[in-house]
Amino acid sequence: MEKTLKVPSKIFQPLLHSALALVLGLIAGAILMALYGYDPFLAYSALVRGAFGGSAELAETLSFAIPLMLTGITFAIGVKAGLFNIGAEGQAYIGALGAVLAGAFIRLPPGLHVAVATIFAMLLGALWSIGPALLKIWRGVHEVISTIMFNWMAFYLTMYFALYHLAEPGRAEKTVSVLETARYAVLMPGASLTTIIFVAIIFCVIIHLFLVLTKAGYELKLLGANPDAAKYAGVNAKRVILTSFIIGGLSAGLAGASQIIGRPPTWALYGTLGNVMGLGFDGIGVALIGRNNPLGVIIAAIFIGALKNGGRYMEYTAGVYSELVGAINGLLAMTPLALAAMGESINQKAGLCNIGLEGIFLITAAAGVFGAELAHEAGLPYSGVVGLLFGLLVGALIGLIFGVLSVYGRADQVIVGIGINVFAVGFVPYFMMAVWHFPGIHIPPKEVLVPPLPVPIIRVSGITVLTLILGVLLHLMLHKTPLGLRILAAGETPEALDVAGVRVDYIRILTSILSGALTGLGGAFMPLCWFGGIVKEISAGRGFIALACLVSAGLEPLLAMSFAFIFGFAEGLAYTIAVTPGIKEAVPYHLVLMIPYITTLAVVTIFIGKRRFPRALATPYTRE
């Protein structure tokens with residue numbers, strides 16, 4: 001009788017968790033809409049009609065779902081192997097580029113041509129995935145850091161080719177369209193659904209069968225579930241990691257191709273990469289909803305595809321902005337990175353690992369400008385400083401939420417961090433639209449900006465000076481004070497700290513708040529002290545670069561600040577090259593923008609093997 005009851009529990013409990021998460025997400029969305037004066041019932045009814053109201057609407061929903069199920073597979077297959085491969089975004093860019101190259105410049109018979117273009121795109125996606133895989137295997141570089149760097153490198157590389165070598169004559173907003181022989185057949189006139197949906201579903205099913213029926217699939221799952229047992233069983237971990245990355249790259253490359261040779265009407269890549277952008281990060285949410293099961297990913301992708309397709313109708317019917325559906329100077333460049341890296345160094349010393357710094361940067365950049373403008377409208381002096389404090393407080397609040405979920409909820413810290421990043425990507429454009437009525441960019445009044453210090457020649461912010469001082473103070477606090485020793489003990493021997501009567505949970509919550517506050521200050525710094533405005537992608541991967549500085553420094557605040565300076569120098573160098581006459585003409589702008597990310601990868605690769613990390617890092621602790 002007991003055995004009979006356990007089987008349905010194993011089957012239905014994951015489904016119940018996913019369903020509960022979806023319901024809570026819809027409720028949260030309804031509350032958010034209600035707060036801004038929209039009718040959530042009208043909005044959701046419009047969403048359902050737009051997604052499933054007829055055969056044409058259903059076809060569009062499936063079109064939106066195709067790339068998401070494939071990028072979802074990329075993340076899911078990584079999780080099965082114990083990896084957090086978030087490189088689907090960059091691999092999809094490269095796959096889309098490959099589809100354009102093979103589809104527009106090779107002439108082959110129908111049928112054969114579309115197959116060659118598909119395979120070529122998949123192979124390029126897999127090739128791009130090998131770099132992070134090798135860095136993981138031979139140097140131990142964490143895949144989150146390396147894949148993010150490769151994502152940004154792929155973004156600028158693909159944009160360079162799209163704008164300068166593949167652009168359609170007279171139409172710089174798109175590349176040349178692929179030939180008709182390289183296009184998948186449209187299944188319904190007037191809709192964008194093509195026969196590539198069958199390829200995508202078959203690919204997902206093959207991955208499921210690979211995991212369930214093959215020895216290689218079993219070894220991959222065993223390594224992810226129990227590395228010690230896998231080692232004892234003779235599993236070659238390096239081979240499994242490489243296999244996981246290659247499968248993920250093939251899937252993401254196919255996702256990129258689906259938007260070029262499998263999606264009318266343009267049959268091309270936009271110059272802004274807009275028809276591919278965001279697919280990789282959306283796939284993370286799809287994989288999590290689908291419980292990292294390839295078959296579950298298909299269903300989750302259709303659900304998210306429905307939100308994306310039906311969400312367009314919400315704006316027409318209920319007035320809800322579509323963004324809601326989604327929810328030079330080296331010293332200046334160094335400042336936000338150093339603040340985030342130093343704050344997170346204290347956090348990880350205590351045993352917590354928050355990879356949501358990118359999302360905190362985005363949210364607090366918007367919050368800082370919002371707070372500064374509120375202070376300015378209220379007639380308060382030093383409104384820019386108020387904005388910085390506002391960003392700091394919002395960052396501290398996010399840090400508190402992360403700490404509570406990780407310490408008391410025992411949530412997976414990496415997934416919570418990814419959740420912060422994904423939420424920020426959708427929420428910030430919506431917030432900008434709701435507050436400033438434009439989702440892409442906002443230039444605040446000059447009066448709210450924080451001017452630099454009156455130093456000749458070089459622009460130096462007071463926050464930069466404060467950052468340098470904080471680096472020294474945090475180092476002294478960590479190694480010379482009782483609180484610092486307790487923080488170190490919380491990450492190394494939490495059991496001993498507990499026996500000594502010190503609450504490990506309090507220490508970790510405190511460091512999480514501190515990490516969020518410093519990262520929030522860095523986020524508000526970017527629009528108020530550096531750029532003079534905010535764009536929705538203002539962080540540009542800097543949260544992950546801060547993590548790279550931190551890892552390279554072995555979690556030491558002063559050393560992390562030094563590595564942040566190296567990145568700041570690389571970014572300043574890239575800017576100098578981009579504006580220097582005689583050089584800027586010789587070196588393509590978009591290739592120059594890759595310099596900071598290549599530099600970050602080089603630094604991490606050189607120093608990662610020499611660092612030691614706390615024994616209890618990212619490990620929940622429960623008092624006995």
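Here are three short exercises, with worked solutions, on the predicted model shown above.

**Exercise 1. Thr74 and its surroundings**

Find where Thr74 sits, decide whether Thr74 is buried or exposed, and list what surrounds it.

*Solution.*
Step 1: Start with the secondary structure. Thr74 belongs to helix 3, which covers residues 55-80.
Step 2: Check the accessibility. Buried means under 20% relative accessible area. Thr74 has 0%, so Thr74 counts as buried.
Step 3: Look for contacts beyond the neighbours within four places in sequence. Thr74 touches Asn85, Ala88 and Gln91, and also Gly248, Ser251 and Ala252.
Step 4: Take a closer look at Ala252. Its backbone nitrogen is 3.4 Å from a polar atom of the Thr74 side chain.

**Exercise 2. A hairpin and its salt bridge**

Work out how strand 1 and strand 2 are joined, and in which direction they run, parallel or antiparallel.

*Solution.*
Step 1: Locate the strands. Strand 1 spans residues 167-168, and strand 2 spans residues 171-175.
Step 2: Look at the pairing. Two bridges join these strands, which run antiparallel. As for Ala167, its bridge partner in strand 2 is Thr175.
Step 3: Follow the chain through the turn. Two residues lie between the strands of this hairpin, and Gly170 in the turn has a positive phi of about 85°.
Step 4: Now turn to the side chains. Glu168 and Lys174 form a salt bridge, with an N to O distance of 2.4 Å.
Step 5: Compare the accessibility of these two partners. Glu168, at 23%, counts as partly exposed, whereas Lys174, at 3%, is buried.

**Exercise 3. Two more salt bridges**

How many salt bridges does the structure hold? Describe the pair Lys136 and Glu143 and the pair Arg503 and Asp505, then say how accessible each residue is.

*Solution.*
Step 1: Begin with the count. The structure has four salt bridges.
Step 2: Recall the background. Side chains of opposite charge can pair when their charged atoms come close.
Step 3: Read off the distances. In the salt bridge of Lys136 with Glu143, the closest N and O atoms are 3.0 Å apart. For Arg503 and Asp505, the N to O distance is 2.7 Å.
Step 4: Sort the residues of the Lys136 pair. Lys136 has a relative accessible area of 22% and is partly exposed, while Glu143, at 2%, is buried.
Step 5: Do the same for the Arg503 pair. Arg503 is partly exposed at 30%, and Asp505 is buried at 10%.

Conventions. Residues are numbered from 1 along each chain as its sequence is written. This is a predicted model: local features need pLDDT of at least 70, side-chain atom pairs count only at pLDDT 80 or more; totals for chains, interfaces and linings use all residues. Side-chain values use heavy atoms; hydrogens and water are left out. Helices (H or I, at least four residues) and strands (E, at least two) are DSSP runs, numbered from the N terminus. Buried means under 20% relative accessible area, exposed over 50%, partly exposed in between (1.4 Å probe, protein chains only). A polar contact is a pair of N or O atoms within 3.5 Å; within protein, one must be able to donate a hydrogen and the other to accept it, and residues adjacent in sequence count only if both atoms are side-chain atoms. Contact means heavy atoms within 4.5 Å. Two strands pair if DSSP finds at least two bridges between them. A salt bridge is a side-chain nitrogen of Lys or Arg within 4 Å of a carboxyl oxygen of Asp or Glu.
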